[in-house]
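Let's take a walk through this fold, starting from a single side chain and then stepping back to the sheet. Keep the viewer open as you read.

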Amino acid sequence: MGVDLLILGGSGLLGTALCEAASSAGLRWAATHLTTERSGEEWHLADLSGREATFELLNRFAPEAVINAAYVQRGSHLDALTADLPGWVAERTATRARLVQLSSDVVFDGELGRPYREGDDPSPVNEYGAAKVRAERAVAANDPHAVIVRTSLLWGGSGDGGSHMALVQKPGVRFFTDEYRNPINVDSLAAACLELVDRPEISGLLHIAGPDRVDRLTFARALAPLVGVDPHSLQGGSGAEQPGRPADVSLDSSLAESLLSTELQGLPGH
């Protein structure tokens, strides 16, 4: 059962956008889900927390390309799904398929004082960031032709807009004014990932995030009108007392902007 594209972690915000983009592009695709129910012939329930199960899935679908958007941020499966799964996938894609692996800006500690470039050394301050670093290194070692996409906060899409939209609608949330990121519209990230599937000459690390370096409060206030919330009703505060939160992991995406035709949208309306 060969497919053009296999999307791992298809039921998340990015995974859903990838599935929609693949459909629009006329690709034969399949996607996995686990904790969120999906129906349709393209969807396949799969627990990818084991190496052999991952190999079996890849062998069954024999994809031309794989986009791995599967991860968890905490819990008992952090090591298996976030750190180990990418390396297992890369073992198979090295000679059989194109791999686009998703990573995160939190591989950095936020202390550099300028936006991070691809060549800057990772220095995670929490377990999730450390797991992502392990994943990056395993993918690079097992499949040197793969591309590893570091990205930032996601919003938008055809569903509920993601967790950040939900926070904006939740009363009493305090949004940090001293944590800086580069939010990106999930549909533009999905389009960039699909472009990378067709660009095998691009490999290694690539930062793909929005052009706007903003704090969490500014981001929340930009999202607020999309869900009928008064931006000025949202409150901010310091996150300095929160352990494991890097202060400024803004990404320099100039390399991606020079290589890709996909336009990267940051904040709504920008």
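The side chain of Asn-182 reaches the backbone oxygen of Asp-212, at a distance of 3.4 Å. Bear in mind that this is a predicted model. To find Asn-182, look in the loop that sits between strand S9 (180–181) and strand S10 (184–185). Is Asn-182 buried or exposed? Its relative accessibility is 3%, and the limit for buried is under 20%, so Asn-182 counts as buried.

What does Asn-182 touch, once you leave out residues up to four places away in sequence? There is a run from Ala-209 through Gly-210, Pro-211 and Asp-212 to Arg-213. Ser-152 and Leu-153 are on the list as well, along with Ser-250 and Leu-251.

Now for the sheet. It is an open one with 7 strands, paired in parallel, and its order reads S3-S2-S1-S4-S5-S6-S11. Strand S3 (43–45) and strand S11 (204–207) are the edge strands, each pairing on one side only. Going from one strand to the next, the twist averages 20 degrees.

Start at the S11 edge. Strand S6 (residues 147–151) runs parallel to S11, and 4 bridges join the two. If you want a pair to click on, Ile-148 has Leu-205 in S11 as its bridge partner. Helix H4 (residues 127–142) packs on the sheet here, touching strand S5 (98–104), S6 and S11. The direction of H4 makes about 160 degrees with that of S5.

Next, move along to strand S1 (residues 5–8). Which way do its side chains point? Leu-5 and Ile-7 go one way, Leu-6 and Leu-8 go the other, and all are buried. As a rule, side chains in a regular strand alternate between the two faces of the sheet.

S1 has strand S2 (residues 29–33) as a parallel partner, joined by 3 bridges. In that pairing, Leu-6 is matched with Ala-30 of S2 as its bridge partner. To get from S1 to S2, the chain passes through helix H1 (residues 13–24), and this β-α-β crossover is right-handed.

S1 also pairs with strand S4 (residues 65–68), again in the parallel sense, over 4 bridges. Here Ile-7 stands opposite Ile-67 in S4. That puts S1 between S2 and S4 in the strand order.

Note on methods:
Residues numbered from 1 in each chain as written. Predicted model: local features only at pLDDT ≥ 70, side-chain atom pairs only at ≥ 80, totals over all residues. Heavy atoms only, no water. Buried < 20%, exposed > 50% of the residue type's maximum accessible area, 1.4 Å probe, protein only. Polar contact = N/O pair within 3.5 Å; in protein donor to acceptor, adjacent residues only side chain to side chain. Contact = heavy atoms within 4.5 Å. Pairing = 2+ DSSP bridges. Axes fitted to C-alpha atoms, helices over the stretch in contact; angles between N-to-C directions. Right-handed = clockwise from strand over helix to strand, strands pointing away.
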